[in-house]
Amino acid sequence: MRICDKCQGAMVLERAVDFHVGLAILLYACINCGRRIAAEQAPRPLAYKP
């Protein structure tokens, strides 16, 4: 778990998904202030399995 630079709160890992473009990225989100920091360099395409 990471510590937020802004408020010193706990940060948890969450996934943000954009269904219109078909991309997903992992973010660290602060539980206390809501600040989000990217955990990955770039978004990844969503995998499609028929």
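Q8 is exposed, with a relative accessible area of 56%. In this predicted model, Q8 lies in the loop that links β1 to β2, the latter spanning residues 10-18. The backbone of Q8 is unusual in sign. Its phi is positive, at about 65 degrees, although Q8 is not a glycine. Most residues other than glycine have a negative phi. Q8 can also be placed relative to a residue much further along the sequence. Q8 and C33 are separated by 25 residues in sequence, and their C-alpha atoms lie 9.4 Å apart.

Q8 is also one of the contacts of I3. I3 belongs to strand β1, which covers residues 2-3. Beyond the residues up to four places away in sequence, I3 touches Q8, G9 and M11. I3 is partly exposed, its relative accessible area being 49%. Exposed is taken as over 50%, so I3, at 49%, falls in the partly exposed class. Across 26 residues of chain, the C-alpha atoms of I3 and A29 are 9.9 Å apart.

The overall fold was examined next. The protein has 0 helices and 5 strands. In sequence order the pattern reads β-β-β-β-β. The radius of gyration is 13 Å, whereas the globule rule gives 10 Å for 50 residues, so the protein is more spread out than a compact globule. Along the principal axes, the C-alpha atoms occupy a box of roughly 45 × 15 × 15 Å. Of the 50 residues, 22% count as buried. The exposed surface comes to about 4,000 Å², and carbon and sulfur atoms supply 54% of that area. Contacts between residues at least 6 apart in sequence were also sorted by separation. Among them, 21% join residues at least 24 apart. The charged groups comprise 7 positive and 4 negative charges, and the mean positions of the two sets are 3 Å apart.

Cysteine pairing was then searched across the whole structure. The search finds 0 disulfides. C4 takes part in none, and its nearest cysteine sulfur, that of C33, is 3.9 Å away. Why does C4 count as buried? C4 counts as buried because its relative accessibility is 0%. C30 is likewise in no disulfide; the sulfur of C7 is the nearest cysteine sulfur to it, at 3.5 Å. A disulfide requires the two sulfur atoms to be within 2.5 Å, so the C30 to C7 distance of 3.5 Å does not qualify. The distance of 3.9 Å from C4 to C33 fails by that cut-off too. C30 counts as buried, with 5% relative accessibility.

Both C4 and C30 are among the contacts of R35. R35 sits in the loop between β3 (23-30) and β4 (36-38). Leaving aside neighbours within four places in sequence, the contacts of R35 are C4, D5, K6, M11, Y28, A29 and C30. R35 counts as partly exposed, at 34% relative accessibility. V21 is 14 residues from R35 in sequence, and the C-alpha separation of this pair is 23 Å.

V21 also serves as a reference point for L46. The two residues are 25 apart along the chain, and their C-alpha atoms are separated by 9.2 Å. L46 is found in the segment after β5, a strand of residues 44-45. Which residues is L46 in contact with, leaving aside its neighbours within four places in sequence? They are V17, D18, F19, G22, L23 and A24. L46 is partly exposed, with a relative accessible area of 35%.

Key:
Residues numbered from 1 in each chain as written. Predicted model: local features only at pLDDT ≥ 70, side-chain atom pairs only at ≥ 80, totals over all residues. Heavy atoms only, no water. Buried < 20%, exposed > 50% of the residue type's maximum accessible area, 1.4 Å probe, protein only. Helix = DSSP H or I, 4+ residues; strand = E, 2+ residues; numbered from the N terminus. Rg over C-alpha atoms; globule rule 2.2 N^0.38 Å. Contact = heavy atoms within 4.5 Å. Areas by Shrake-Rupley, 256 points an atom, 1.4 Å probe, with all protein chains shown as cover. Lys, Arg positive; Asp, Glu negative; His and termini not counted. Charge placed at Lys NZ, Arg CZ, Asp CG, Glu CD.
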